[in-house]
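Please look through the structure below with its charged side chains in mind. The paragraphs that follow take up a few of their pairings one after another.

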Amino acid sequence: MATSLGANTYNRQNWEDADFPILCQTCLGENPYIRMSKEKYGKECKICARPFTVFRWCPGTRMRFKKTEVCQTCSKMKNVCQTCLLDLEYGLPIQVRDTGLDIKDDVPKSDVNKEYYTQNAEREIGNSDGTRPVGLLGKAPSSSEMLLKLARTTPYYKRNRPHICSFWVKGECKRGEECPYRHEKPTDPDDPLADQNIKDRYYGINDPVADKLLKRASTMPRLDTPEDKTITTLYVGGMGDTISDAELRNHFYQFGEIRTTTIVQRQQCAFIQFATRQAAELAAEKSFNKLIINGRRLTVKWGRSQAARGKEAYQDGVSEMGTRLDPVPGLPGALPPPPALEEDAPTNYFNLDPGTSPNVMNISLPPPPGINPPPPGFGAPMFHMGSMGPPPPMGMRPPGHIHYPSQDPQRMGAHAARHGD
C-alpha cells in the first residue's frame, strides 16, 4: 500500500506526530499520575491506514494496558476518543449520537476517496480553532433530548478491566493470583455484545452497543402531567449535600416566577413551587432527565396534592415527609370493616341447615369438666334447640332403645342371675 509504514512515499509528510493523545476520562483512568510510552509512527490507523504516533499506558491498578487505535485526524473528524471511539461529549457510540442529532456523515471507505476526504478534513481542522467539531457534526444542533437522557455523566472505569483468561476457562491456568487476566466465567457467546468491530463503531453501522442503547431510549419513562390543575410544585431528588437553594433558583427561574423553594436536607430533595401552572409545565418538560447541577444528575417529578399525598401515606404507612412509619409493638391490628346493615338479614347465628326444622334439632353436648361420663347405654343429655316453649312430650321424641340398670351385662351378679333364671 502506498501509505504503509515501511514505504518511502511522497506523502510521508502527512504522517501524524503528536505530543499527547485525545482520550476520554474513562480511558485515561482515575489516577492523575500515569506513565505513557510514546512510539512515533508506531502503528497504522485502523481507519485511514496512515502511520501515527501510538501512546500506551495503564489506566489503574489491576487494569489492562490500553493504547490509541486511530489517528488524531480521524478522531477529530468524529469527535471521538482515540481508544474507545466513543463520543467525547456524551460518552455514547457514534451511531447513537448521529441518530440523536439527525445527521448522516458518509465517510468514504475506498482507499483513494478516503485519502482525499482525510486531506480535506485536515485542511478544515487546520483552519478552525480546534474547539469545535468539523464537517456535518459541527453544523448539527448543540444538543438533543435523547442524548441528554442517555449521556454518561461519570466515568465508567469498569470498562478498563483485563480480558478473561482463556486458560482459566479451560482449567489450564497455572498463574493463580499472579495472572493479569480475569478469572471469571465468560458471557454467552451468542450475545451480540460479544462481537464488536472497531470499523463498524467508527462508521456507525451494525454496532451492537448502539442498538442496545437505542432500544433503551425507546422504552424510557415519560413525565406525565397531572390532571389536577392546581398542582404547580415540582419535586427535585438526588441533590446530595452540595446543592444550595440559590443554585436551584438559578436554574428554575428561567421558566417563570418561583413562589417558594423548600429543601429537605434529610431526604436530599427539594420542592419548587411556581406561581403559574404554565411555568411548572415548562420547567418539567425542560428539566426531566436533563437536570445536572454540580455534576449530579437530579430527578425531577411532579408534586402531589395534599389530599392525594395524605391518602397514599395512610394506605402505605408513609408520613408526609416520605419516611416509612414503623408499627407500634403491642397494639392490635386493624379491625375489619363492619358488615352492611340490612333489615332483612338472616338470623341463623348457629349456621344450621335451613331445611331442618328447629323443633326436631337436638345437639349432644359433652359433660362439663370434673364430671364422670354416663355409664354405657346412657347417652349425653339432649338439649332442645328451637323455640323457648316447653319440651315436647315423651311420645313426640325420636324412638330409641332404652336400657335399664338391671339390664347392664357388666353389672355385678348379672351373670349369676342370668344362669339362675
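**Salt bridges along the chain**

In this predicted model, E184 and R161 pair through their side chains in a salt bridge, with an N to O distance of 3.9 Å. The two residues connect distant parts of the chain, since E184 sits in the loop between α7 (166-169) and α8 (198-203), while R161 sits in the loop between α6 (145-150) and α7, 23 residues apart. E184 is partly exposed, with a relative accessible area of 35%, and R161 is likewise partly exposed, at 28%. An unreviewed UniProt entry places a feature named "zinc finger region: C3H1-type" at residues 159-186; in the model, the end C-alpha atoms of that span lie 15 Å apart, and the span is 14% helix and 0% strand.

Another salt bridge joins R50 and E122, whose closest N and O atoms are 2.6 Å apart. This pair also links distant parts of the chain, with R50 in the loop between β1 (36-44) and β2 (51-57) and E122 in helix α4 (residues 111-127), 72 residues apart. R50 counts as buried because its relative accessible area is 9%, which is under the 20% cut-off, whereas E122, at 26%, is partly exposed.

Within helix α10 (residues 245-252), R249 and D245 lie 4 residues apart, about one turn of the helix, and their side chains meet in a salt bridge of 3.3 Å, N to O. R249 is partly exposed at 31% relative accessibility, as is D245 at 28%. Elsewhere, K46, K67 and E69 are joined into one network by salt bridges that share partners. Over the whole structure, the search finds 12 salt bridges.

How values were computed
Residues are numbered from 1 along each chain as its sequence is written. This is a predicted model: local features need pLDDT of at least 70, side-chain atom pairs count only at pLDDT 80 or more; totals for chains, interfaces and linings use all residues. Side-chain values use heavy atoms; hydrogens and water are left out. UniProt positions are given in the numbering used here, feature names are shortened, and annotations may be inferred rather than shown by experiment. A salt bridge is a side-chain nitrogen of Lys or Arg within 4 Å of a carboxyl oxygen of Asp or Glu. Buried means under 20% relative accessible area, exposed over 50%, partly exposed in between (1.4 Å probe, protein chains only).
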